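Please examine the structure shown below. The exchange after it asks how certain descriptions are justified.

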Amino acid sequence: MESIDYLPQLSDLSPSILSFLGEKFQKEEDLQKTTGLVLELQKRCSDLDHNLISLNQRLETSIVAYASHSERIGGFFGGIKAKISDLRSSTCVSGSFLDGREGEDLWRTEQILVEELPTLAKEVARVEAVRIYAETALKLDTLVGDIEDAVSSTMTGQLRKHPSMAHSEDLRMRAIESLKLVEDVLSSVTKTRPQWTRLVSAVDNRVDRALAILRPQAIADHRALLASLGWPPPLSNLNSPNVNEGKPSEVLNPLFTMQGELKNQYCENFLALCSLQEVQTQRKYRQLEGHKREVALHQPLWAIEELVNPISLLSQRHFLKWVDKPEFIFALVYKVTKDFVDSMDELLQPLVDEARLVGYSCREEWISAMVASLATYLAKEIFPSHVGQLEEDSVTGVASQARMAWLHLVDQMIAFDKRVQSLIAHSGTFLSVKEDENLQRISSMSVFCDRPDWLEIWADLERSDTLDKLKPELENERRWTTKVQGAVLSGSEDYKSPAVASDFIHRLSAIIERCRPLPSIPLRARFFRLTVTPIIHEFLDCLLRRCQEADGLTALADDDALIKVMNSINASRCCESVLKEWCEDIFFLEMMSDQDYQMGIESDGSYTAVTDEGHVTSIFDEEIMRLEDFRTDWVDKISTAVLRGFDAESREYVKNRKQWQEKEEESWTVSKNFVGALDHLQGKITKLEEGLNGIDFVRAWRSLASGVDRLVFNGILLNNVKFYDGGVQRFGGDLEVLFGVFRAWCLRPEGFFPRLSEGLKLLRMGEKQSKECMEGDKEKWLKENRLRHLSVTEVEKIVKNRVFIS
């Protein structure tokens with residue numbers, strides 16, 4: 001039987017075969033084509049087999065060829081290795097073992113390797129460098145030639161009667177593209193071939209000549225295009241004195257209203273100008289290698305400047321009418337700046353981004369350009385006029401009107417800067433350069449950066465105005481006696497300071513706030529030195545004068561004089577606390593970077609406070625040090641005055657030598673002659689507690705305790721007074737009452753009377769213990785009995801005056 005071929009199961013067939021069969025056998029009539037289809041498939045399989053065989057043969061041939069090449073290369077490397085080994089071996093063999101032809105071959109090999117081969121390599125490298133130099137020079141010459149041709153063509157087009165804007169723009173874009181290519185090549189040459197300075201310099205010179213023509217042409221075309229757009233818009237609706245009331249403007253923005261071909265032309269021209277500036281920026285970046293490039297690179301956006309300049313000229317016609325009304329000038333500038341700022345974000349910023357001008361914000365550039373135009377006008381017209389008025393008034397002796405006009409102008413500048421900065425802050429944009437540099441660009445007070453003499457005039461006016469306002473407050477005695485309820489500043493302590501201290505801090509804060517808007521740390525530091533520092537010194541002098549007057553009249557024996565001095569001390573303590581709190585403010589910490597303060601020297605030659613380490617730790621160091629010295633001196637003087645009264649009241653008590661030889665009076669716990677002194681002491685300390693702030697009161701009563709300890713100890717125990725048992729008891733009772741006067745402010749008052757306490761301890765010792773002191777090692781005996789505040793001489797004197805009755 002013949003074998004029967006069974007068809008495979010449908011599940012065994014692949015999807016591609018099923019798709020092929022489905023495509024070939026769609027109908028029953030297609031079964032008749034089976035024979036032809038089989039023959040076709042067999043032929044295709046045969047062709048594929050032949051191709052596979054051919055590919056296998058080619059692969060085999062390639063493998064054999066690669067193996068042969070690999071063996072040949074391996075042989076070469078083996079030969080080189082052997083020759084190197086032979087050369088290394090031959091260098092170790094002495095010349096005496098080499099002769100004939102072999103020695104000459106070895107010498108020739110060494111000569112080739114040591115002398116000729118490096119020379120040949122250098123020559124090859126030199127030729128290669130010359131080839132690269134020639135190719136680079138030719139490429140640069142071609143590109144620069146294209147730039148010069150494009151510039152020349154634009155100049156020729158400008159001379160025509162009806163120049164084509166589109167054609168001129170195309171030529172300019174071609175020149176800019178060539179400029180970019182030239183700059184790429186020069187940047188590469190600068191990094192890889194720094195020795196080709198002459199080539200770079202020659203190319204830069206030719207490019208500079210081309211740019212000297214290209215940029216003015218581009219700006220002139222841009223200006224003509226702006227004029228055709230109707231820029232600048234009329235300011236007739238903006239020049240009313242009511243512009244500051246915030247009413248909406250009806251002036252149409254030409255940047256929003258332009259349409260069609262005119263809009264396309266403006267966008268292309270704006271983009272070309274930005275691209276040209278971007279190329280110029282890259283050139284400067286390369287040329288300023290190794291210098292402070294960030295400061296010089298960030299130049300105002302040319303296209304924005306062309307928008308601002310015509311508006312500035314148009315605005316100045318109105319400014320001339322408002323010389324005496326600067327608030328109208330600032331209101332108009334702010335109105336124009338605010339009304340057109342949105343078009344900068346929506347229309348022009350995408351073009352700047354397309355030109356790849358990194359770090360530029362159209363909103364910020366528009367605002368800074370408007371502020372710069374205002375600052376320029378202020379510097380040329382307004383401030384010189386005010387300076388002239390001040391000079392005229394100084395001659396006549398009446399300067400109040402000119403001073404008020406100057407201060408009013410500064411008020412308007414500060415308010416304007418705050419409003420302008422809010423335009424940037426509310427937009428969500430970030431400052432594109434360093435803070436101080438950016439503040440100068442968006443601050444009308446940048447006029448003081450170039451004119452430090454105007455800053456000094458302003459500082460002098462501010463200082464005089466503040467002192468004039470402060471003078472009646474300092475002379476008002478009610479302000480010295482009225483206490484401030486609570487702390488002067490939030491978080492500070494209550495120093496029982498008089499109201500005049502609060503007045504002074506308020507005036508000082510006001511003038512400090514005036515210098516905060518200055519756009520430079522050195523400017524703020526200079527203004528600070530000219531205003532704040534003299535005002536603090538004037539206040540210190542006032543405190544000192546009041547204390548000296550009180551001391552000169554009654555030597556501080558009178559309660560009124562004492563209160564006057566205590567109020568001055570409290571005012572000093574309050575001001576010192578506020579200054580220390582301000583020292584932690586970043587505003588004052590930044591001023592410490594100013595070179596004058598770092599050196600500890602004022603610009604006028606006087607010295608500021610310098611610490612032991614040789615540098616200033618805070619901007620208020622000198623003032624704080626003077627306040628501390630003032631308080632310390634006058635707290636000590638108060639203590640001295642109280643001690644003088646105590647000494648006068650206790651004089652009979654101290655001179656009565658017989659009382660220490662008598663028995664203690666049973667009806668008295670303290671000596672009668674000592675009562676007046678203790679009463680005086682307690683009364684004065686109570687006055688000090690009521691009038692002085694807590695910190696200085698602690699210093700005062702401790703100073704008093706130390707003074708009383710010294711007075712009584714020297715007046716009685718070291719005065720050769722004989723002490724009997726009854727006298728010791730009497731003296732002990734007197735000291736207990738004395739300690740009780742101070743017990744309200746400390747737990748162990750005897751600790752603040754160390755000499756009296758140890759002297760009483762010696763008097764209370766027995767006869768045997770006293771003899772041990774006199775006979776043995778006295779230094780050792782003092783240590784064993786914990787007598788640390790008395791000398792050996794003092795101890796011997798006290799012990800010798802102790803009388804024991806057997």
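The following questions and answers concern a predicted model.

Q: Why is the contact between Asp221 and Arg172 called a salt bridge?
A: A salt bridge requires a side-chain nitrogen of Lys or Arg within 4 Å of a carboxyl oxygen of Asp or Glu. The closest N and O atoms of Asp221 and Arg172 are 2.3 Å apart, so the pair meets the definition. The pair links distant parts of the chain, with Asp221 in helix H5 and Arg172 in helix H4, 49 residues apart.

Q: What makes Asp221 count as buried or exposed?
A: Buried means under 20% relative accessible area. Asp221 has 8% relative accessibility and therefore counts as buried. Its partner Arg172 has 2% relative accessibility, so Arg172 counts as buried too.

Q: How do you know that Asp345 and Arg363 form a salt bridge?
A: The closest N and O atoms of Asp345 and Arg363 are 2.7 Å apart, and the limit is 4 Å, so the pair qualifies. Asp345 lies in helix H10 and Arg363 in helix H11, so the salt bridge ties together parts that are 18 residues apart in sequence.

Q: Why is Asp345 called partly exposed?
A: The term partly exposed applies between the limits of 20% and 50%. Asp345 has a relative accessible area of 29%, so it is partly exposed. Arg363, with a relative accessible area of 8%, is therefore buried.

Q: What makes Asp411 and Arg514 a salt bridge?
A: Their closest N and O atoms are 2.1 Å apart, which is within 4 Å, so the definition is met. Asp411 belongs to helix H12 and Arg514 to helix H17, so this pair ties together parts that are 103 residues apart in sequence. Asp411 is partly exposed because its relative accessibility is 34%, whereas Arg514 is buried because its value is 16%.

Q: How many salt bridges does the structure hold?
A: The structure holds 45 salt bridges. Some residues are linked in a network of salt bridges, namely Arg573, Glu576, Lys580, Glu628, Arg631 and Asp696.

Q: What makes the phi of Arg356 worth noting?
A: Most residues other than glycine have a negative phi. Arg356 is not a glycine, yet its phi is positive, near 60°. Arg356 is placed in the loop between H10 and H11. Exposed means over 50% relative accessible area, and Arg356, at 67%, therefore counts as exposed.

Q: Where is Ala555, and what is notable about its phi?
A: Ala555 is in the loop between helix H18 and helix H19. Its phi is positive, about 55°, although Ala555 is not a glycine. At 33% relative accessibility, Ala555 is therefore partly exposed.

Q: Which kind of peptide bond joins Trp231 and Pro232?
A: Most peptide bonds are trans. Trp231 and Pro232 are joined by a cis peptide bond, with omega about 10°. Pro232 lies in the loop between H5 and helix H6.

Q: Why is the patch formed by Glu772, Glu775, Asp777, Glu779 and Glu784 called negative?
A: These residues gather on the surface, and Asp and Glu count as negative, so the patch is one of negative charge. Helices H28 and H29 each give two or more residues to the patch. Asp777 is found in the loop between H28 and H29.

Q: How do you know that helix H26 is mostly covered?
A: In H26, 13 of its 18 residues are buried. The helix reaches 27 Å from its first C-alpha to its last, close to the 26 Å expected.

Key. Residues numbered from 1 in each chain as written. Predicted model: local features only at pLDDT ≥ 70, side-chain atom pairs only at ≥ 80, totals over all residues. Heavy atoms only, no water. Patch = residues over 30% accessible without salt bridge, like charges linked within 9 Å, V, L, I, M, F, W, Y side chains within 5 Å. Areas by Shrake-Rupley, 256 points an atom, 1.4 Å probe, with all protein chains shown as cover. Charge placed at Lys NZ, Arg CZ, Asp CG, Glu CD. Helix = DSSP H or I, 4+ residues; strand = E, 2+ residues; numbered from the N terminus. Expected span 1.5 Å × (residues − 1). Buried < 20%, exposed > 50% of the residue type's maximum accessible area, 1.4 Å probe, protein only.
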